[in-house]
Amino acid sequence: MSLHYYDMESGQNIYLCSKPECRHDGNEFCAATSDKYKVIDTVMYSGSIYISVVEETQSSYDFKLLKASADGSS
């Protein structure tokens, strides 16, 4: 998963992560690049991003729906 914010005015493409010291390297604490989940689909609805994912554990596949704010703060 790799969520980005694209600023149309400046043309900047930045990771959608609110942690200022984050290296966006795929660790599970980075909201923009976590490798914890396999993304099935993403949808923008009512100002939020909804992400359907699969989390593989040792004994199961857990299907989850994640919600991210459009500005990356949650």
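Three salt bridges turn up in a search of the whole structure. The model is a predicted one. Start with the charged side chains, then move to the sheet, and finish on the surface.

**Stop 1: Arg-23 and Asp-25**

Select Arg-23 and Asp-25. The two form a salt bridge, and their closest N and O atoms are 3.3 Å apart. How accessible is each partner, Arg-23 and Asp-25? Arg-23 has 67% relative accessibility, so this residue counts as exposed. Asp-25 is partly exposed at 43%.

**Stop 2: Glu-55 and its lysines**

Now select Lys-36, Glu-55 and Lys-64. A network of salt bridges links these three residues. Take the pairs one at a time.

Lys-64 and Glu-55 come first. Their closest N and O atoms are 2.5 Å apart in a salt bridge.

Next, show Lys-36 with Glu-55. Here the side chains meet at 4.0 Å, N to O, again as a salt bridge. Lys-36 sits in the loop between strand E2 (13–15) and E3, while Glu-55 belongs to strand E4, so this pair ties together parts that are 19 residues apart in sequence.

Colour the trio by accessibility. Is Glu-55 buried or exposed? Glu-55 has a relative accessible area of 11%, and because the cut-off for buried is under 20%, Glu-55 counts as buried. The two lysines are partly exposed: Lys-36 has a relative accessible area of 35%, and Lys-64 has 34%.

**Stop 3: the sheet**

Switch to a cartoon view. Select residues 38–45 for E3, 48–56 for E4 and 61–69 for E5. These three strands make an open sheet in the order E3-E4-E5, with antiparallel pairing. Which strands stand at the edges? E3 and E5 do; each has a single partner strand, so one side of each is left without a neighbour in the sheet. Neighbouring strands in this sheet are turned against each other by 20° on average, direction ignored.

Strands of a sheet pair through backbone hydrogen bonds, so turn on the backbone atoms here.

Look at E3 against E4. How many bridges pair them? The antiparallel pairing of E3 and E4 runs over seven bridges. Pick out Tyr-45: its bridge partner in E4 is Ser-48.

Slide across to E4 and E5. Nine bridges join these antiparallel strands. A hairpin connects E4 to E5 through four residues. Select Glu-56 and Tyr-61 for one facing pair: Glu-56 stands opposite Tyr-61 in E5.

**Stop 4: Gly-47**

Go back to the E3–E4 connection. Gly-47 is found in the loop between these two strands. Its relative accessible area is 46%, so Gly-47 is partly exposed. Add Gly-11 to the selection and draw a C-alpha to C-alpha distance. The separation is 21 Å in space, for residues 36 apart in sequence.

**Stop 5: the nonpolar patch**

Turn on the surface. Select Ile-40, Tyr-61 and Phe-63. What do these residues form? They make a nonpolar patch on the surface, with about 400 Å² of accessible area together.

Tyr-61 is already familiar as the residue opposite Glu-56. Phe-63 lies in strand E5. Is Phe-63 buried or exposed? At 63% relative accessibility, Phe-63 counts as exposed, because the cut-off for exposed is over 50%.

Key:
Residues are numbered from 1 along each chain as its sequence is written. This is a predicted model: local features need pLDDT of at least 70, side-chain atom pairs count only at pLDDT 80 or more; totals for chains, interfaces and linings use all residues. Side-chain values use heavy atoms; hydrogens and water are left out. Two strands pair if DSSP finds at least two bridges between them. Buried means under 20% relative accessible area, exposed over 50%, partly exposed in between (1.4 Å probe, protein chains only). Patches are made of residues with over 30% relative accessible area and no salt bridge: like charges are joined within 9 Å, nonpolar side chains (Val, Leu, Ile, Met, Phe, Trp, Tyr) within 5 Å. Accessible areas come from the Shrake-Rupley method with a 1.4 Å probe; for residues, only the protein chains shown count as cover. Axes are lines fitted to C-alpha atoms, for helices over the stretch in contact, and angles run from 0 to 180 degrees between N-to-C directions.
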